[in-house]
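Visitor: I am new to this structure and would like to learn how to read it. Could you walk me through it, one feature at a time?

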Amino acid sequence: MKKIGPPKFAHRFLRWFCPLDLYEGIEGDLIEAFNEELNEGERKARVRFVIRVFRFFQPGIIFRNKIKVDSMNTILLQNYFKVAFRNLWRSKAYSSITIGGLAIGIACSLVIFLFVYGEWSYDKGFTKADRIYRIGISFFNIGQFASGPEELLDVLPKEFNGIETATRIRKERDVTIKIKDLTFQETSAYYTDTAYFKIFNYTFLSGDPKKVLVGPNEAVVTQKLAIKLFDREDVVGEVIEVGKKAVPFTIAGVVKDLGFNSHLKTELWLSNQSLITGEPAWSSSAFYNYVLLKEKNTETDLRQALDLLFEHHVYPESGKPMGFKSLEDYKKNDMAIKFYVHKLTDIYLKSKLNFEISPGGNESNIYIFSAVSVFILILAAVNFINLTTARAARRAKEVGIRKAMGTSRSKLVGQFLLESITTSLLSMILALLLAEIFLKIFEVVTGALLLDTIWRNPYSVGLFFSFSFFVGILSGLYPAFYLTSFRPVKVLKGIVETGGTSFRNVLVVFQFTVSILLISCALVVQNQLHFMASKDLGFDQKNILTIDHINLLKTSDEAFKNELSNLPGVARSSFHMGEPGSKRILTFRTYQTPKMEHPASIFTYLGDENFLSLNGMRLVMGRDFNKASVSDTASVILNEAAVQILDIVSEPIGAVLDQNLKVIGVVSDFHWESLRNKIAPVAIMMTKEKAELGFKLEAKAIPSFLKTAEERWKQLIPDEPFQYHFVDDNFGELLSKEKVFGKAINFFALLAIFISCLGLYGLSAFTAEQRTKEIGIRKVLGASTLHIVGMLNKRFTFLVLLALGISVPLSIYAIEKWLEDFAYRVELGAGVFIITSLGSLFIAWIAVSYHSLKAAWINPSDTLKYE
Amino acid sequence: MQKEYLGEFEELVLTMVGILQEDAYGNAIVTEIKQRIGRVVNLSAVHVTLYRLEDKGLVKSGMGGATNARGGRRKRIFTVTNAGLAMLRAKKEQQMQLWKLVPQLKMSIS
């Protein structure tokens with residue numbers, strides 16, 4: 001008889017998924033049922049068997065084995081948690097040091113993470129971001145501009161077929177918007193065309209993205225601006241009047257606010273037809289030019305196309321007329337036109353051109369901050385490792401008993417990891433609260449607004465929790481393996497080697513190395529900032545007040561000046577155009593001596609005969625302008641750097657430049673840019689044009705002067721705002737970014753030393769406690785308090801000294817690297833390191849001495865009586 | 001956890017285990033249910049329920065004898081624990097109490 005049986009594959013399948021301890025019972029039942037059904041037909045029985053097997057394929061069966069094991073574990077897990085919390089509770093001081101330290105570390109890195117992520121994410125949200133490029137320009141050696149000539153986008157698409165579409169943007173600052181009687185103020189508006197919205201994908205709430213800004217006088221607004229202006233979103237068809245001339249624009253579209261950071265910060269876009277001149281000029285930077293490349297084209301293609309364009313258009317149209325003989329000759333010259341290509345996503349952090357459409361971020365700061373935050377996190381984790389291993393003896397008995405009861409090492413490791421994860425999760429919760437506070441501090445200190453709070457984004461909260469999980473595992477790993485390596489027999493006999501001292505020492509040295517490094521860096525940064533703020537700029541920038549837009553006064557400007565000059569406390573006054581430290585007005589002129597092959601472009605101030613004295617600039621040769629001398633309108637005063645460039649060092653006074661300009665004086669070099677830059681050539685020329693009016697005042701006269709000046713201004717031209725600034729504020733602004741950096745570094749240095757000391761404090765407490773009996777005996781034998789404190793502190797002192805030795809060369813390297821960027825900088829002296837050394841030693845001693853003293857003061861009879 | 005809760009099917013299976021005594025194993029319970037109340041139930045459902053009852057501590061199990069009809073595989077025999085018995089009794093009492101509250105009038109009318 002043929003043996004009839006159920007299908008083999010069904011058996012195999014069942015064996016595969018069914019837990020072993022259930023398998024026999026289930027299979028037996030199945031076979032029994034199969035046999036009972038055999039008389040109804042073999043085929044049917046087999047089919048039913050298969051169906052039944054598949055019915056067993058359900059969670060209740062498959063996971064039974066695993067869940068059963070887990071359910072056994074929950075009891076142990078509960079025990080682990082209980083033990084973990086008991087331990088935390090038993091030694092509250094240690095727990096708060098570890099949890100608190102870790103929380104500070106995590107919170108700090110959270111904040112920096114938010115900052116770095118925010119900076120890094122700029123413009124990454126545009127879907128075509130990887131194909132968008134901006135083309136900037138430089139010409140006449142007057143600087144590299146983020147914007148470029150209008151003509152570029154007329155010519156480039158014809159010469160290069162890799163461009164999908166391109167757009168020009170003209171940025172307008174401080175725009176007034178009028179709607180009937182209401183006036184609104186916007187910080188910026190972009191005059192652009194419809195291609196803008198093809199390149200940058202905004203979500204349109206209303207209006208057709210393909211048609212907006214096609215016609216003249218059309219506008220697109222963001223949802224936010226629409227609500228600000230009209231209190232509703234469906235504003236298509238409404239008319240707004242923009243600017244002083246109140247040009248009407250019809251709103252053609254409303255876009256959603258960008259959900260990400262972008263360097264294109266505007267709420268309002270306007271048609272730019274009226275601004276397109278059609279003039280073929282290459283040396284201009286009227287528009288920001290953005291191009292979208294076709295998918296198959298790369299940045300290299302674009303650069304090549306620009307090279308060709310340079311050869312075929314720029315050189316013949318711009319180079320030749322300037323007198324350049326050959327393409328190579330022109331190309332090599334500083335005066336030549338150059339194009340600068342930036343990828344959209346690089347613009348914010350990497351592009352450092354003049355007149356960026358919005359101020360960019362600082363890439364190196366991002367790296368510095370990230371590195372610092374990682375270090376601080378490691379410092380906090382080190383505390384954790386140190387304290388846990390140091391107190392291993394306390395847990396030794398527990399480990400011994402657990403091992404004797406048959407717990408495997410892997411389970412013990414699991415237990416300790418669980419403990420460290422618990423601790424790190426607790427610190428995480430604390431860290432989230434702390435991070436909120438840090439965010440506030442960071443905002444106040446740096447002035448930079450950091451996107452949202454942490455809570456608003458559940459995704460990042462999740463991320464941070466997994467992060468703390470990770471930190472927990474990392475910092476728990478060493479203690480876990482160390483603790484579980486105890487031999488139960490020894491431990492239970494009471495022999496515990498606390499071991500691991502050298503490892504802990506290494507960690508302490510590491511902590512202090514990092515802290516000392518940060519402190520010395522912070523000190524040098526402060527020094528440099530102080531140096532920059534107090535350096536003699538080569539002229540007297542104090543108490544010079546400048547009134548802007550003096551040309552608005554038209555013919556009454558002289559009267560205005562004379563009246564104000566007679567006020568008490570006014571020393572000097574001068575009409576001028578441009579002033580040191582300010583980039584409000586930039587004038588460049590080209591100068592050439594017969595000796596020079598090509599003209600040099602030099603930054604030029606225009607001022608009247610009082611300009612030099614107003615600013616306290618020092619004449620080293622020649623004379624100042626003379627109002628009476630007619631020829632002085634064709635005269636120029638140079639600074640020493642300009643004399644060098646123009647190659648007239650031997651006989652500067654009386655040297656004749658092109659256009660019959662005569663050099664009549666030389667002023668000593670003065671700083672007119674940030675101290676990061678070397679003093680560049682400057683020329684000063686007499687002017688009849690009046691753009692700004694400067695007054696040198698006595699400090700106490702400033703308030704009353706301002707009051708009178710404003711009153712007079714309002715009488716003369718009531719419709720225009722009275723605007724003024726101080727020259728020394730110009731330099732303050734240049735410094736403010738550096739100051740933010742200085743404050744941030746200070747903050748981190750403090751944090752680092754605090755965390756390190758926290759760890760040292762904990763460790764010293766432990767050592768003192770461990771040696772109480774020894775101390776007791778020593779005291780009985782006549783050791784003095786001082787002796788004992790010295791004994792206990794010796795080890796830590798040594799460690800800190802070692803850290804000092806390591807960190808000094810490191811800090812010198814880091815500081816030199818940072819100072820490299822400054823043309824004018826402090827010299828690194830031993831002073832910084834002496835202060836840092838003494839300071840950190842002192843702080844470390846304070847941290848350690850509390851417990852040392854406590855241990856030394858204890859009555860020996862208390863510690864020895866239980867022996 | 002939900003000690004007091006027992007599902008309808010769980011109660012049925014538990015009762016069957018009680019009825020079958022020494023011979024309570026998966027297949028036997030399926031057959032028993034079919035014979036006694038004419039309800040066709042899945043073998044897998046019975047198994048899962050039995051394991052759940054075991055988790056709740058209402059039954060316990062052990063391996064019993066093998067028979068030829070099972071291809072030499074042993075049976076997993078289930079027995080009702082004291083807790084299971086108490087549970088069944090409590091259920092019965094609960095039901096009786098509730099039954100008493102149902103107006104008996106209708107009975108006489110029908």
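Guide: Gladly! Let's begin where the chains meet: the contact draws 19 residues from chain B and 21 residues from chain A. Please keep in mind that this is a predicted model.

Visitor: How much area do chain B and chain A bury between them?

Guide: The general idea comes first: the size of an interface is often given as the accessible area lost when the parts come together. Here chain B and chain A bury about 1800 Å² between them, with 48% of it on carbon and sulfur atoms.

Visitor: How many salt bridges and polar contacts are there between chain B and chain A?

Guide: Between chain B and chain A there are four salt bridges. Eleven residue pairs are in polar contact, both residues being at pLDDT 80 or more.

Visitor: Which elements of chain B give two or more residues to the side that touches chain A?

Guide: They are α2 (26-37), α3 (43-55) and β2 (74-80) of chain B. The largest share, seven residues, comes from α3(B). Sorted by class, this side of chain B has six nonpolar, six polar and seven charged residues.

Visitor: How many salt bridges are there over all chains?

Guide: A search of the whole structure gives 38. Take one pair as an example: Arg70(B) lies in the loop between β1 (59-66) and β2 of chain B, while Asp29(A) is in helix α2 (residues 20-37) of chain A, so this pair joins two chains. Their side chains meet with N to O at 2.7 Å, and both Arg70(B) and Asp29(A) are buried.

Visitor: What does a salt bridge inside chain A look like?

Guide: Try Glu37(A) and Arg48(A), whose closest N and O atoms are 3.1 Å apart. This pair links distant parts of the chain, with Glu37(A) in helix α2 and Arg48(A) in helix α3 (residues 42-56) of chain A, eleven residues apart. Glu37(A) and Arg48(A) also belong to a network of salt bridges with Glu40(A), Lys44(A) and Arg52(A).

Visitor: Are Glu37(A) and Arg48(A) buried or exposed?

Guide: Relative accessible area tells us, and the cut-off for buried is under 20%. Glu37(A) has 10%, so Glu37(A) is buried. Arg48(A), at 30%, counts as partly exposed.

Visitor: How many disulfides are there over all chains?

Guide: A disulfide needs two cysteine sulfur atoms within 2.5 Å, and a search of the whole structure finds zero. For Cys757(A), the nearest cysteine sulfur, that of Cys108(A), is 16 Å away. Cys757(A) is buried, with a relative accessible area of 10%.

Definitions and conventions:
Residues numbered from 1 in each chain as written. Chains lettered and ligands numbered in written order. Predicted model: local features only at pLDDT ≥ 70, side-chain atom pairs only at ≥ 80, totals over all residues. Heavy atoms only, no water. Buried < 20%, exposed > 50% of the residue type's maximum accessible area, 1.4 Å probe, protein only. Contact = heavy atoms within 4.5 Å. Buried area = accessible area lost by both parts, 1.4 Å probe. Polar contact = N/O pair within 3.5 Å; in protein donor to acceptor, adjacent residues only side chain to side chain. Helix = DSSP H or I, 4+ residues; strand = E, 2+ residues; numbered from the N terminus. Nonpolar A, V, L, I, M, F, W, Y, C, P; charged D, E, K, R; others polar.
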